[in-house]
Amino acid sequence: MITFTLSLVALVIGYVLYGKFVERVFGPDDRVTPAVANADGVDFIVLPGWKVFMIQFLNIAGTGPIFGAIMGAKFGPAAYLWIVLGCIFAGATHDYLSGMLSMRNNGAGQPELIGRYLGNTTKKVMLVFSVFLLMMVGAVFVYSPALILGKMCSDSLTWVYIWCGIIFVYYIIATMLPIDKIIGKIYPLFAISMIFMAVALMAVLFVKWPSLPELTDGLHGEGFTSPIFPALFITIACGAISGFHATQTPLMARCVKSEKMGRPMFYGAMITEGLVALIWATVSMYFFYGGAAQDLGASLSLQAPEVVTTVSEGWLGTFGGILALLGVVAAPITSGDTALRSARLIIAEFIHLEQRSIMKRIWICIPLFGATLLLLFYNIQNPDGFNVIWSYFGWANQTLAVFTLWAITVYLVRERKAFWITMIPAVFMTVVCSSFLMISKNAFGFDMMVGYGVGGAALIISLAWFFGWYKKENDRIKKQY
């Protein structure tokens with residue numbers, strides 16, 4: 001519990017000190033934001049600051065900081081280090097700067113920003129990559145809550161199909177309607193529920209004060225089966241850094257009234273997600289290592305959604321059960337609908353199709369939802385479909401963060417700002433994703449030494465590329481002056 005307590009304090013200090021430093025590097029000012037300049041009553045709408053924060057938090061959170069932290073806790077105290085350091089120096093910096101860069105570029109989406117700073121070819125690749133990632137999120141986050149709700153109704157697969165249909169209809173409505181009609185009204189309530197559940201569990205932890213693995217005991221946990229590097233950095237994504245967030249921040253970048261609201265909206269939302277991940281990682285360590293599973297009459301082999309339900313109901317009673325339902329059902333649904341909304345806007349931006357007209361929104365949504373339905377069908381029909389899609393999503397998610405971090409680094413270099421704040425995490429995540437791609441059973445499945453060799457090569461190549469480009473860019477800037 002000492003490591004957990006110190007980690008909580010570190011995240012708060014990180015927001016106050018490093019968050020302020022990152023804000024100063026970017027330099028927000030009083031210019032007119034896209035929410036005001038491009039107001040269309042659909043996607044560009046000024047919303048109150050508290051509502052923007054709550055929507056942003058739930059957009060980027062979903063079940064990511066819960067399920068990822070539960071699975072990542074099996075790696076032991078190393079999970080604490082990654083959540084704290086990853087969140088402060090990588091994830092929150094990534095979210096803040098991608099959101100602010102979107103505001104500076106007329107509310108541009110993630111592929112458009114990447115294309116602007118990494119080239120048109122990269123933009124096209126990232127367009128396909130991002131849309132496919134978002135469709136995977138939509139498919140996975142239809143099936144997982146539908147499976148839970150279906151089992152609550154009956155053991156029959158029919159109820160799973162019924163709930164898939166109900167959730168999918170909701171997705172269509174939420175994706176099509178103006179952002180303030182559904183998302184702006186219900187998301188803050190779900191976000192408050194998720195935060196309340198995390199705070200309640202944290203209070204129980206402090207009351208129980210269980211004996212848990214500390215950093216002084218070593219980095220490894222008893223239940224890990226994969227190597228900490230790179231598996232930990234893919235397993236815990238949303239609680240540390242997640243490329244999915246860069247597809248979501250433009251949604252709120254189009255709703256913020258002033259650039260000076262950016263730090264609490266974007267950096268603050270990510271730190272809050274880190275706190276949630278930290279709490280669930282600690283709950284999970286207690287569950288797996290501290291005897292909570294036995295106290296609750298549960299098995300150590302339970303999957304992440306079952307851990308959430310067992311702990312919430314066992315510690316918080318009936319009310320906890322309701323919150324658990326929100327956590328494992330409502331949260332993924334609300335991530336899925338904004339994922340598909342982001343996909344609609346990314347496609348519209350690429351083909352230059354305005355979205356004020358509902359018919360033009362429909363033209364994009366028909367093929368988008370058709371492709372998502374095919375992924376959903378595969379998810380349901382293949383017994384291992386969920387795990388396959390989720391494993392690809394994990395790697396694709398972090399790879400997306402790599403490209404976003406490099407794009408922001410190019411921007412900072414051109415603006416003659418402290419580019420190292422994104423260059424260092426960009427290099428690190430490049431090595432992580434390259435190594436994981438080599439060793440993952442769902443990818444190449446090579447030996448660990450091959451994975452580490454490729455990761456080392458990626459380190460050298462990325463640094464050589466960057467500093468070669470940096471020298472040319474510096475020479476170009478000098479000639480201009």
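How many nonpolar, polar and charged residues are in the lining of the second largest pocket? In this predicted model, that lining breaks down by class into five nonpolar, six polar and eight charged residues. The pocket itself has a volume of about 400 Å³. Its lining comprises 19 residues, of which Phe44, Asn106, Glu349, Leu353 and Glu354 are the closest to the centre. Two elements, helix 6 (110-118) and helix 14 (304-351), each give two or more residues to this lining, and helix 14 provides the largest share, with three residues.

Helix 14 is also the place to look for serine 312. With a relative accessibility of 0%, serine 312 counts as buried, because the cut-off for that label is under 20%. Leaving aside residues up to four places away in sequence, the contacts of serine 312 are Met197, Trp280, Gly317, Gly320, Gly321 and Ala324.

Turning to the start of the chain, helix 1 covers residues 2-26, 25 residues in total. From its first C-alpha to its last, helix 1 reaches 35 Å, close to the 36 Å expected at 1.5 Å a residue. Even so, helix 1 carries a kink of about 35°, and the centre of that kink is glycine 14. Glycine 14 is itself buried, as are other residues of helix 1, including Phe4, Leu8, Leu11, Tyr18, Val22 and Phe26. Polar and charged side chains also appear among the buried positions of this helix, with Thr3, Ser7 and Glu23 as examples. Just after helix 1 comes glycine 27, which has a positive phi near 80°.

Note on methods:
Residues numbered from 1 in each chain as written. Predicted model: local features only at pLDDT ≥ 70, side-chain atom pairs only at ≥ 80, totals over all residues. Heavy atoms only, no water. 1 Å grid on protein atoms, 1.4 Å probe; cavity = no way out; pocket = protein on both sides within 12 Å on 5 of 7 lines; lining within 4 Å. Points joined across faces, edges and corners; volume = space filled by probe spheres on them. Helix = DSSP H or I, 4+ residues; strand = E, 2+ residues; numbered from the N terminus. Buried < 20%, exposed > 50% of the residue type's maximum accessible area, 1.4 Å probe, protein only. Contact = heavy atoms within 4.5 Å. Expected span 1.5 Å × (residues − 1). Bend = angle between axes of the 7 residues up to and from the residue.
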